[in-house]
Amino acid sequence: MCEEMSRAWREVDLDALTHNAQVLQGALAPGCRLMAVVKADAYGHGAFSVAHRLEAEGIQAFAVACLAEGMDLRRMGIRGKILILGYTPQEEAPLLCRWQLTQTVVDEHHGQALAAQGLPLAVHLALDTGMHRLGIPAKDHGALERLYALPQLRIEGVFSHLCVSDSLEAEDMAFTRLQLERFYGAVRWLRGHGYDPGETHIQASYGIWNLPPQPCTWARAGIALYGVTSDGSPTARELDLRPALALRARVASVRTLVPGEGAGYGLAFRAEGPVRLAAVTIGYADGLPRDLPVRGGEALLRGRRCPMVGRMCMDQLLLDVTGVPEAAPGDVVTLIGADGGKRIRAEELAARCGTITNELLSRLGQRLPVV
Ligand SMILES: *Cc1c(COP(=O)(O)O)cnc(C)c1O
């Protein structure tokens with residue numbers, strides 16, 4: 001047995017990832033290329049192996065959330081474009097420069113502050129088309145002119161982010177169309193006034209699923225690249241994507257309780273009949289919510305579904321394995337993925353956790369080796 005699979009681990013299928021990248025690339029307009037979003041340790045899949053595999057498969061651009069993630073990718077030997085999607089304080093301009101990272105300009109103030117450092121910086125301008133999180137208001141042509149006038153900023157792209165593109169409700173789809181109009185309006189204005197917008201990108205995963213191919217040069221895919229939807233809700237297009245991650249742990253110990261006996265902290269579980277309980281080697285410090293057992297959490301053991309019971313601990317949880325009499329110490333327990341003929345999808349576990357797969361996967365703890 002390999003030491004990395006001795007307690008709890010993430011199993012990442014790099015072939016599934018390659019397949020997903022090809023499917024997503026095929027769903028884009030001609031001339032539009034896939035940018036792989038590998039922030040938060042590649043949504044819990046391990047940025048090192050994910051980025052290396054994708055770069056070997058021809059992906060030329062990566063997106064991360066912050067400076068440290070960008071520097072990590074460079075230290076790992078990634079040579080493609082790396083766009084930092086989030087804010088970086090101007091004092092870090094030397095690091096942006098040294099590591100050849102492309103920084104998002106989050107508003108005019110940020111662009112001016114970065115330029116004032118006096119270093120040549122590669123940037124993309126974020127345009128606010130209605131999400132009101134980051135970006136220069138798409139209609140603020142004056143701000144765009146002032147930013148283009150700064151010689152320190154090498155503006156290599158402009159982009160925007162859609163905030164309701166995961167919804168197929170008429171009102172939301174109308175808002176997405178409005179965001180697209182504002183974005184392309186700004187791009188047209190730039191071109192019409194002699195400014196080169198460079199790369200253009202607005203689709204993230206749901207933009208790829210729910211919009212027709214867009215006339216941009218990049219599309220930023222995160223969750224779809226990992227082969228899952230955020231919450232299992234329907235999408236306009238069906239793409240043949242494969243989940244790339246399985247989450248597994250082991251049975252540490254099995255015991256039988258007689259009716260009336262309790263188990264775990266607070267004795268929160270009470271045996272109503274004779275019950276077999278397994279202690280499993282994964283807990284909330286690994287990224288599972290502590291209240292998952294009361295939310296109906298289940299795991300697979302020897303191809304059967306077993307309910308989690310009692311209170312989850314930091315490093316362990318209890319599984320009711322009464323229905324699996326052969327359960328034994330060392331058995332593999334599957335929290336996400338397939339076992340025998342059964343499967344628990346990340347979407348199902350995320351729903352039980354009261355969240356979306358993006359949050360569940362990105363929270364998977366560093367204590368879980370990636371194999
Ligand atoms: C995280 C992020 C993405 C990727 O989103 P997915 O829905 O996971 O594809 C794209 N663009 C921006 C600006 C982001 O912050």
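User: Why does Leu364 count as buried or exposed in this structure?

Analyst: In this predicted model, Leu364 has a relative accessibility of 5%. Buried means under 20%, so Leu364 counts as buried. Leu364 lies in the segment after helix 11 (357–362).

User: What makes up the surroundings of Leu364, leaving aside its neighbours within four places in sequence?

Analyst: Leu364 is in contact with Arg10, Leu245, Leu247 and Asp286, where contact requires heavy atoms within 4.5 Å. For Asp286, which is 78 residues away along the chain, the C-alpha atom is separated from that of Leu364 by 5.7 Å.

User: Why is Ser160 called buried, and where does Ser160 lie?

Analyst: The relative accessibility of Ser160 is 1%. The cut-off for buried is under 20%, and therefore Ser160 counts as buried. Ser160 belongs to the loop between strand 8 (153–159) and helix 8 (170–192). Not counting residues up to four places away in sequence, Ser160 touches Leu127, Thr129, Phe183, His201, Ile202 and Arg220.

User: What makes the pair of Ser160 and Leu127 a polar contact?

Analyst: A polar atom of the Ser160 side chain lies 2.8 Å from the backbone oxygen of Leu127. The limit for a pair of N or O atoms is 3.5 Å, so the distance of 2.8 Å meets that limit.

User: How do you know that the span of helix 8 agrees or disagrees with its number of residues?

Analyst: The expected span is 1.5 Å times one less than the number of residues. For the 23 residues of helix 8 this gives 33 Å, and the end C-alpha atoms are 32 Å apart, so the two values agree. After helix 8 comes Gly194, which has a positive phi, near 80°.

User: Which residues of helix 8 are buried, and what covers them?

Analyst: The buried residues are Thr176, Gln179, Leu180, Phe183, Tyr184, Ala186, Val187, Trp189 and Leu190. Their cover includes strand 6 (121–128), helix 7 (141–148), strand 8 and strand 9 (199–201). An α-helix has 3.6 residues a turn, so residues three or four places apart point the same way.

User: Which residues of helix 4 are buried, and what covers them?

Analyst: In helix 4 (residues 67–75), the buried residues are Leu67, Glu69, Gly70, Met71, Leu73 and Arg74. Among the elements that cover them are helix 2 (39–44), helix 3 (47–56) and strand 3 (61–64). Gly77, with a positive phi near 100°, follows helix 4.

User: Why is Gln100 called exposed but Arg302 partly exposed?

Analyst: Exposed means over 50% relative accessible area; Gln100, at 61%, therefore counts as exposed. Arg302, at 38%, falls in between the cut-offs of 20% and 50%, so Arg302 counts as partly exposed. Gln100 has a positive phi of about 50° although it is not a glycine, and Arg302 likewise has a positive phi of about 50° without being a glycine. Gln100 is in the loop between helix 5 and strand 5 (102–105), whereas Arg302 is in the loop between strand 15 (298–301) and strand 16 (304–309).

User: What makes Tyr43, His161 and Gly222 polar partners of the ligand?

Analyst: Each pair is set against the limit of 3.5 Å. A polar side-chain atom of Tyr43 lies 2.5 Å from a ligand oxygen atom, and a polar side-chain atom of His161 lies 3.5 Å from a ligand nitrogen atom. A backbone N or O atom of Gly222 lies 2.8 Å from an oxygen atom of the ligand. The protein covers 87% of the 390 Å² of accessible area that the ligand has on its own.

Technical notes:
Residues numbered from 1 in each chain as written. Predicted model: local features only at pLDDT ≥ 70, side-chain atom pairs only at ≥ 80, totals over all residues. Heavy atoms only, no water. Helix = DSSP H or I, 4+ residues; strand = E, 2+ residues; numbered from the N terminus. Buried < 20%, exposed > 50% of the residue type's maximum accessible area, 1.4 Å probe, protein only. Polar contact = N/O pair within 3.5 Å; in protein donor to acceptor, adjacent residues only side chain to side chain. Areas by Shrake-Rupley, 256 points an atom, 1.4 Å probe, with all protein chains shown as cover.
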